[in-house]
Amino acid sequence: MSTTDTHEEINDIVQNLFESQVYAHYNHLNTRSYAIHKALGNYYEGIAEHIDELGELYMGEQPPSFLLTIPDSIQIPMNFSETMPHKYFHELGDTLDEILENGDFSEVFSDRLRATIAFIRTTVYLLSRLK
């Protein structure tokens with residue numbers, strides 16, 4: 001895999017995570033369920049650290065001239081379901097798993113991306129067990 005492909009994959013990861021943060025925050029404010037409100041609040045606050053860490057780690061592994069492409073628009077799926085809010089995050093985890101599996105990342109970056117996926121899977125667990 002070329003360096004250009006890896007850069008594009010990193011930008012895709014950052015784009016997906018920024019979108020998930022905005023999606024979670026938007027639905028955190030619009031839900032009528034306290035359990036969803038709390039789970040999404042934990043997610044949008046916690047994912048910021050993961051985005052920052054992944055971005056800084058990758059940029060630290062690159063020549064000083066490399067810069068991430070920060071998304072200029074965020075696409076938020078507006079079909080939020082109060083009965084199945086976990087579906088979006090489950091799909092996000094699957095997307096990142098696929099990028100990780102097919103990517104050519106350093107061991108350290110791969111480990112941090114796995115930790116981010118684990119954080120997302122924890123959110124899936126919390127949102128799928130609502131009662």
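**Exercise 1. Decide whether His50 is buried or exposed in this predicted model, and find what its side chain meets.**

Step 1. The relative accessibility of His50 is 12%, so His50 counts as buried; buried means under 20% relative accessible area, exposed over 50%, and partly exposed in between, with a 1.4 Å probe and protein chains only.

Step 2. Place the residue: His50 belongs to helix H2, residues 34–61. Helices are DSSP runs of H or I with at least four residues, numbered from the N terminus.

Step 3. List the contacts (heavy atoms within 4.5 Å). Leaving aside residues up to four places away in sequence, His50 touches Arg112, Ala115, Thr116 and Phe119.

Step 4. The side chains of His50 and Thr116 form a polar contact at 3.0 Å. A polar contact is a pair of N or O atoms within 3.5 Å; within protein, one must be able to donate a hydrogen and the other to accept it, and residues adjacent in sequence count only if both atoms are side-chain atoms.

Conventions: residues are numbered from 1 along each chain as its sequence is written. In this predicted model, local features need pLDDT of at least 70 and side-chain atom pairs count only at pLDDT 80 or more, while totals for chains, interfaces and linings use all residues, and side-chain values use heavy atoms, with hydrogens and water left out.

**Exercise 2. Find which element has the lowest mean pLDDT and which the highest.**

Step 1. pLDDT is the predictor's confidence in each residue, from 0 to 100. For the protein chain the mean is 88, and 93% of its residues reach 70 or more.

Step 2. Helix H1 (residues 3–30) has the lowest mean among the elements, 88, and helix H4 (residues 107–128) the highest, 96.

**Exercise 3. Check the span of H4 and locate its buried residues.**

Step 1. The expected span of a helix is 1.5 Å times one less than its number of residues. For the 22 residues of H4 this gives 32 Å, and the end C-alpha atoms are 31 Å apart, which agrees.

Step 2. Buried in H4 are Phe109, Ser110, Leu113, Thr116, Ile117, Ile120, Thr123, Val124 and Leu127.

Step 3. Down the axis of H4, these residues fall within an arc of 130 degrees, so they line one face of the helix. The arc is that of the directions from the helix axis to the C-beta atoms.

Step 4. On the other side of H4, Glu107 and Val108 are exposed.

**Exercise 4. Describe the largest nonpolar core and say which element gives the most to it.**

Step 1. A nonpolar core is a set of buried Ala, Val, Leu, Ile, Met, Phe, Trp, Tyr and Cys residues joined through side-chain atoms within 4.5 Å. The largest one has 29 residues, and Ile13, Leu17, Tyr43, Phe89, Leu96 and Phe109 have the most contacts inside it.

Step 2. H1, H2, helix H3 (86–102) and H4 each give two or more residues to this core. H2 gives the most, with 9 residues.

Step 3. Take Ile13: beyond residues up to four places away in sequence, Ile13 touches Leu54, Leu96, Ile99, Phe105, Phe109 and Leu113.

**Exercise 5. Which of Asn11 and Asp72 is buried, and which is exposed?**

Step 1. Asn11 lies in helix H1 and, at a relative accessible area of 15%, is buried.

Step 2. Asp72 sits in the loop between H2 and H3; its relative accessible area is 78%, so Asp72 is exposed.

Step 3. Asn11 and Thr69 are 58 residues apart in sequence, yet their C-alpha atoms are 6.0 Å apart.
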